[in-house]
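Q: Please take me slowly through one part of this structure, a single helix and whatever lies against it. I would like to know which residues meet there and how the pieces are set against one another.

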Amino acid sequence: MPIRQELDAKTRWPAAALGSCPPSSHPCQANVHTMAEGDTIHRIARRLSAAIAGRRVLDATVPSPRSPLRGQTARLVGLRGGRLTRAEARGKHLLLHFDGDLALHCHLGMRGAWQVRQPRSKWRRPIGGAWVVLATEGAEGAQFGGTRLALRSEGELRADPRLASLGPDLLDPEFVPSAHLAPLRARSGDRSLGESLLDQSLVSGVGNVYKSEGCFVAGVDPWRAVSELDDTEIGLVLETLRKLMLQGLEGGRRPRQVYRRAGLPCIRCGAPVRSHGQGDANRTTYWCGNCQR
Ligand SMILES: [Zn+2]
């Protein structure tokens with residue numbers, strides 16, 4: 001899923017849309033939404049840091065009646081006058097830390113998105129649907145939809161079991177695949193590689209697109225049990241995933257060699273790309289039965 005940063009033709013101010021794209025404007029696949037994976041979340045964190053961090057929050061509003069923050073009015077008021085001190089990506093979770101011991105805990109799920117608007121530029125979605133709008137002197141940031149948005153204290157974040165259980169983030173600068181081979185194998189049990197890669201407690205940040213693409217590029221069959229893979233194969237998959245996601249983070253564009261290409265010829269061998277639901281969540285995996293062993 002590409003992450004677009006465009007110039008508004010009238011104002012010449014850059015407006016960034018970060019996360020899933022409006023279906024009508026997606027250049028590759030109309031009416032398809034893809035869950036924001038780790039690269040997207042890291043990119044959003046970078047963008048918010050550049051545009052908003054250090055600036056005083058003039059206002060924090062919740063335009064959408066469906067915003068989860070509607071029940072946190074007192075904490076919302078507490079954001080005003082404060083500053084974003086750090087925007088942090090942890091796997092698929094986005095944590096916006098403010099001074100005053102408050103943090104926004106965001107998860108975009110399949111359809112959520114963050115946008116940053118510079119003065120006089122336009123929102124790319126109706127602002128009435130925003131779950132939160134943070135207005136600073138220089139820029140505004142807004143989250144539209146998602147699966148989670150909550151104002152937490154730092155202590156509550158530390159105690160959050162969803163965050164505490166996260167495995168190592170593939171995009172962490174200190175991530176070293178070789179350090180995680182044994183834990184990944186031990187904790188995968190008899191699960192397949194494809195299913196294990198989506199388990200955020202094993203490694204965090206991988207979603208359904210990178211699961212398929214990473215296994216394809218590494219040439220490893222996502223249906224094999226992790227317990228049957230050797231260290232070289234697991235290491236290769238993790239190295240490949242990290243490389244692909246770093247490309248997504250820096251370039252804003254994801255690989256699409258097998259994902260949603262079921263029935264089309266494999267770009268390597270010409271055999272039809274296969275697809276099938278995998279794991280308890282039945283997330284569709286795409287692979288080439290000829291190239292991936
Ligand atoms: Zn093939």
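**A close look at helix α8**

A: A good place to begin is a meeting of two helices, where G38, D39, H42 and R43 in α1 come into contact with M245, G248 and L249 in α8. By class, the residues of this contact are two nonpolar, three polar and two charged. Please keep in mind throughout that the model is predicted. The axes of α1 and α8 come within 8 Å of each other and cross at roughly 35°, and the crossing is right-handed.

It helps to place this pair within the chain as a whole. The chain has 293 residues, of which 43% are buried, and it contains eight helices and 12 strands. Among contacts between residues at least 6 apart in sequence, 67% join residues at least 24 apart. The meeting of α1, which covers residues 38-51, with α8, which covers residues 231-251, brings together two such separated stretches of the sequence.

Let us look at each of the two partners in turn. Helix α1 has 14 residues, which at 1.5 Å a residue should span 20 Å, and its end C-alpha atoms are indeed 20 Å apart, so the expected and computed spans agree. Of these 14 residues, 11 are buried, and α1 is therefore largely enclosed by the rest of the structure. The buried residues of α1 are G38, D39, T40, I41, H42, R43, I44, A45, R47, L48 and A51. If you compare this list with the contact described at the start, you will find in it G38, D39, H42 and R43, the residues through which α1 meets α8.

Helix α8, for its part, has 21 residues and reaches 30 Å from its first C-alpha atom to its last, which is close to the 30 Å expected at 1.5 Å a residue. Its buried residues are I234, V237, L238, T240, L241, R242, L244, M245 and G248. What covers these buried residues includes α1, α5 (181-188), α6 (193-198) and α7, and α7 deserves a careful look of its own. Just after α8, the backbone at G252 takes a positive phi of about 75°.

Helix α7, residues 208-218, packs on α8 at an angle of about 120°, with the two axes 9 Å apart. Angles from 65 to 115 degrees count as roughly perpendicular and those over 145 as roughly antiparallel, and the angle here belongs to neither range, so α7 and α8 are described as oblique to each other. This crossing, too, is right-handed. On the α7 side the residues in contact are Y210, E213, G214, C215, V217 and A218, and on the α8 side they are L236, V237, T240, L241, L244 and M245. Sorted by class, these residues divide into nine nonpolar, two polar and one charged. M245 is worth marking on the structure, because it is one of the residues that α7 meets, it is also met by α1, and it is among the buried residues of α8 under the rule that 20 or more other C-beta atoms lie within 10 Å.

Which residue carries the charge in the contact of α7 with α8? Glu is one of the types that count as charged, and E213 is a member of this contact. E213 belongs to helix α7, and with 24 other C-beta atoms within 10 Å it is buried, since 20 or more such atoms are needed to count as buried. The C-alpha atoms of E213 and L241 are 8.1 Å apart in space, while the two residues are 28 places apart in sequence. Leaving aside residues up to four places away in sequence, E213 touches L244, P255, Q257, V258 and Y259. Its contacts thus include L244, which is one of the buried residues of α8.

To draw the picture together, α8 meets α1 at M245, G248 and L249, and it meets α7 through residues that include L236, V237 and T240. Both of these helices, along with α5 and α6, are included in what covers the buried residues of α8.

Technical notes:
Residues numbered from 1 in each chain as written. Predicted model: local features only at pLDDT ≥ 70, side-chain atom pairs only at ≥ 80, totals over all residues. Axes fitted to C-alpha atoms, helices over the stretch in contact; angles between N-to-C directions. Helix = DSSP H or I, 4+ residues; strand = E, 2+ residues; numbered from the N terminus. Parallel < 35°, antiparallel > 145°, perpendicular 65-115°, else oblique. Left-handed = near helix turned anticlockwise from the far one by under 90°. Contact = placed C-beta atoms within 7 Å. Expected span 1.5 Å × (residues − 1). Buried ≥ 20, exposed ≤ 12 C-beta atoms within 10 Å, placed from the backbone.
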